[in-house]
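Colleague: Before I accept the terms used for a structure, I should like to hear the reason for each. May I put my questions to you one by one?

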Amino acid sequence: MIESRTFICTTVEQTRQLGRDIAAACSDRALISLRGSLGAGKTVIAKGIAEAIGITDAIVSPTFTLIQEYAGSIPLQHMDLYRIDGVEEFDGIGGEELLYQKGITLIEWSEKIDEILPDDTIYIDIEILDNQDRRITVKGLAL
């Protein structure tokens, strides 16, 4: 079992670099749960992951579209479940099928569907510290 590893990021660039490092350690089929409060840095991590796999499009949180797909060296699916009420609504938009696609699937606010996430899900928890640094814990991926 892969243990968790914690990083302290003091800048946006460090957080983005961590995203690039995460992408480099992923296989061509990875499901990543991004958890943290509003403004914690989930989308910054997503931008780093996208850069690492050659995506040059602007990466924004797909809060209103729910799912954004990008073409890179491997596909990237970026989901934001902030507006989803739970598993039933997620299933209603065909979301569960996206959990098993080739490429990297990022899910912001994945705690809303925790009970259906596969065992091999990579969990990234981001906490804003009092000094505005980020404590980022990565579980399920060897870095």
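**Terms and their reasons**

Colleague: What makes Asp114 count as partly exposed?

Modeller: Asp114 has a relative accessibility of 28%. Buried means under 20% and exposed means over 50%. The value for Asp114 falls between these limits, so Asp114 is called partly exposed. Please keep in mind that this is a predicted model.

Colleague: Why is the contact of Arg35 with Asp114 called a salt bridge?

Modeller: The closest N and O atoms of Arg35 and Asp114 are 3.7 Å apart. The term requires a side-chain nitrogen of Lys or Arg within 4 Å of a carboxyl oxygen of Asp or Glu. The distance satisfies that limit, and the pair therefore qualifies. Arg35 lies in strand S2 (residues 29-35) and Asp114 in the loop between S5 and S6, so the bridge ties together parts that are 79 residues apart in sequence.

Colleague: How do you know that Arg35 and Asp125 also form a salt bridge?

Modeller: The N to O distance between their side chains is 2.8 Å. This is within the 4 Å limit, so the pair of Arg35 and Asp125 counts as well. The two residues are 90 residues apart, with Arg35 in strand S2 and Asp125 in strand S6. Asp125 has a relative accessible area of 30%, which makes it partly exposed.

Colleague: What joins Glu13, Arg16, Arg20 and Glu51 into one network?

Modeller: They are joined by salt bridges that share partners. One bridge in the structure is that of Glu51 with Arg20, whose closest N and O atoms are 2.5 Å apart. Glu51 belongs to helix H2 (residues 42-52) and Arg20 to helix H1 (residues 12-25), so this pair ties together parts 31 residues apart in sequence. A search of the whole structure finds 7 salt bridges.

Colleague: Why are Glu51 and Arg20 given different terms for their exposure?

Modeller: Arg20 has a relative accessible area of 18%. That is under 20%, and Arg20 is therefore buried. Glu51 stands at 32%. This value lies between 20% and 50%, so Glu51 is partly exposed.

Colleague: How do you know that strand S4 (residues 76-80) is mostly covered?

Modeller: Of its 5 residues, 5 are buried. Both faces are covered: Leu76, His78 and Asp80 lie on one side, and Gln77 and Met79 on the other.

Colleague: What makes S4 a partner of other strands?

Modeller: Pairing requires at least two bridges between two strands. Strand S3 (residues 67-70) is joined to S4 by 4 bridges, in the antiparallel sense, and Gln68 has His78 as its bridge partner. S4 and strand S5 (residues 103-108) have 5 bridges and run parallel, with Gln77 opposite Thr105. Both counts therefore meet the requirement. S3 and S4 also form a hairpin, with 5 residues between them.

Colleague: What makes the side chains of strand S7 (residues 134-139) an alternating set?

Modeller: Arg134, Ile136 and Val138 point to one face and are buried, whereas Arg135, Thr137 and Lys139 point to the other face and are not. S7 is joined to strand S1 (residues 5-9) by 5 antiparallel bridges and to strand S6 (residues 122-128) by 6 antiparallel bridges. Arg134 is the bridge partner of Cys9 and also of Ile128.

Colleague: What is notable about the phi angles of Gln132 and Trp109?

Modeller: Each is positive in a residue that is not a glycine: about 80° for Gln132 and near 65° for Trp109. Gln132 is in the loop between S6 and S7, and Trp109 in the loop between S5 and S6. Gln132, at 51%, is over the 50% limit and therefore exposed. Trp109, at 13%, is under 20% and therefore buried.

Colleague: Which residues make up the negative surface patch?

Modeller: The patch consists of Asp85, Glu88, Glu89, Asp91, Glu96 and Glu97. Helix H3 (87-92) and helix H4 (95-98) each give two or more residues to it, and H3 supplies the largest share, with 3 residues. Glu89 is in H3. Patch members need over 30% relative accessible area. Glu89 has 35%, so it passes that limit.

Terms used: Residues are numbered from 1 along each chain as its sequence is written. This is a predicted model: local features need pLDDT of at least 70, side-chain atom pairs count only at pLDDT 80 or more; totals for chains, interfaces and linings use all residues. Side-chain values use heavy atoms; hydrogens and water are left out. Buried means under 20% relative accessible area, exposed over 50%, partly exposed in between (1.4 Å probe, protein chains only). Patches are made of residues with over 30% relative accessible area and no salt bridge: like charges are joined within 9 Å, nonpolar side chains (Val, Leu, Ile, Met, Phe, Trp, Tyr) within 5 Å. Accessible areas come from the Shrake-Rupley method with a 1.4 Å probe; for residues, only the protein chains shown count as cover. Lys and Arg count as positive and Asp and Glu as negative; His and the chain ends are not counted. The place of a charge is taken as NZ of Lys, CZ of Arg, CG of Asp or CD of Glu.
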